Amino acid sequence: MKNDIFEDLFVLELANNHMGNIEKGKKIITDFSRIVRFNNIKAAIKLQFRDVDNFIHKDFKERQDIRYIKKTMMTKMTEEQYGILTDAVRHAGCITMSTPFDEKSVDICVNLGIQIIKIASSDINDWMLIEKIAKTRKPVIVSTGGSSLKDIDDIVTFFDNRNIPLAINHCIAKYPSLKCELELNQIDFLKNRYPNHVIGFSTHEYNKDIEIPMYMAYAKGARTFERHIDVDYPDMSVSEYCSKPEDLDRWIKAYYKAKEICGAPASYRRISDKKETEYLDALVRGVYAKQDFKAGDILYDENVYLSIPLQKGQISCRELMRGEVLLRDIKKDAPIMIDDIDSPYALDENLKKHIYNRGLDI
């Protein structure tokens, strides 16, 4: 399955923060796409699609005392308006992405050419919706907040059987989340249980706390990252779990710092740099003569000793082999050089070059 689209992907959740206002929505997209370009990251700006007329039962649409219903009604948009924001995301150079909360909204995703579909934590076992999403054959990210192990196993199996790319986000569905509630060890759990899937971190902690969780999530192997985004706008407040552009900039810089600290991927052994190898070479013991030698003498443990410093061209404890024959006379306490011995090492020009480039120049 093609999972490359999920690797090191930042999902910027616009959600309902447009508050039904196209101009505010476009401002969010513009302001955050600048941060994306400045930091040279791969990012999706994610909208939420709802067929509000059918999503909320007709008898409850006027219930202002139910917060979720009130906000959904306030932020209602038409497919044309969703299209305007989707085009803005595309023109800003970001990946288009949406969380559809109903079947008609999945059709809107198809109509608007949305590239990635998100399944919210609340919908992880809404099988009518999931089956509709699968028919699009689009890559999917699912959040796992509040879900059971069976919920996750079932949805992973479902998408695996259909060969549809799926990323799995660790998520705590608390808005905002405290640091003590983040449960970052679940990233390890998800990586171990679903090794063929990209594991992500969908997070809602306070903005003042965003750097350390990013360091830890990246170190644990999360490779897609999601946060809610918003901007200051007249008469509209920004929620505590939503990042402003300057907050996102800090978050991305924490990602780069984590990447720098963690270094090479865990899938292969890192390559040591020159500074490190030179430091260690200075601590490697060189081979010295314990006695006077004549050409033709043979080296054994008993007639040599190992000491620092290692000198340029000298064989070290790494190359010393019992039974090597000397090609020339050597005085007691003198270093034994690579050209002094009849050894396979002496015939390898690349190895000889390395031995002459390391150690002290005396």
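**Aromatic contacts in the predicted model**

Phenylalanine 10 is a good place to begin: in this predicted model, its relative accessibility is 0%, so the residue counts as buried. Phenylalanine 225 likewise has 0% relative accessibility and therefore counts as buried.

These residues also introduce the aromatic pairs, of which the structure holds 13. The ring centres of phenylalanine 10 and phenylalanine 225 are 5.5 Å apart, and because their planes meet at 35 degrees, the pair is described as tilted. Distant parts of the chain are linked in this way, since phenylalanine 10 belongs to strand 1 (residues 9-15) and phenylalanine 225 to strand 8 (residues 224-229), with their positions 215 residues apart.

Another aromatic pair is formed by phenylalanine 158 and phenylalanine 159. Here the arrangement is edge-to-face, with 5.2 Å from centre to centre and 80 degrees between the planes. Phenylalanine 158 has 10% relative accessibility, which is under the 20% cut-off, so this residue counts as buried. Phenylalanine 159, at 0% relative accessibility, counts as buried too.

The picture widens when the rings are viewed as a group. Phe10 and Phe225 take part in one aromatic cluster together with Tyr218, Trp251, Tyr255 and Tyr256. One member of this cluster, Trp251, also has a charged neighbour: arginine 227 lies over the face of tryptophan 251, at 5.9 Å from the ring centre. A comparable placement involves tyrosine 206, whose face has lysine 208 lying over it at 5.8 Å from the ring centre.

Definitions and conventions. Residues numbered from 1 in each chain as written. Predicted model: local features only at pLDDT ≥ 70, side-chain atom pairs only at ≥ 80, totals over all residues. Heavy atoms only, no water. Phe/Tyr/Trp six-rings, centres within 6.5 Å; stacked < 30°, edge-to-face > 60°. Helix = DSSP H or I, 4+ residues; strand = E, 2+ residues; numbered from the N terminus. Buried < 20%, exposed > 50% of the residue type's maximum accessible area, 1.4 Å probe, protein only. Lys NZ or Arg CZ within 6 Å of the ring centre and 35° of its normal.
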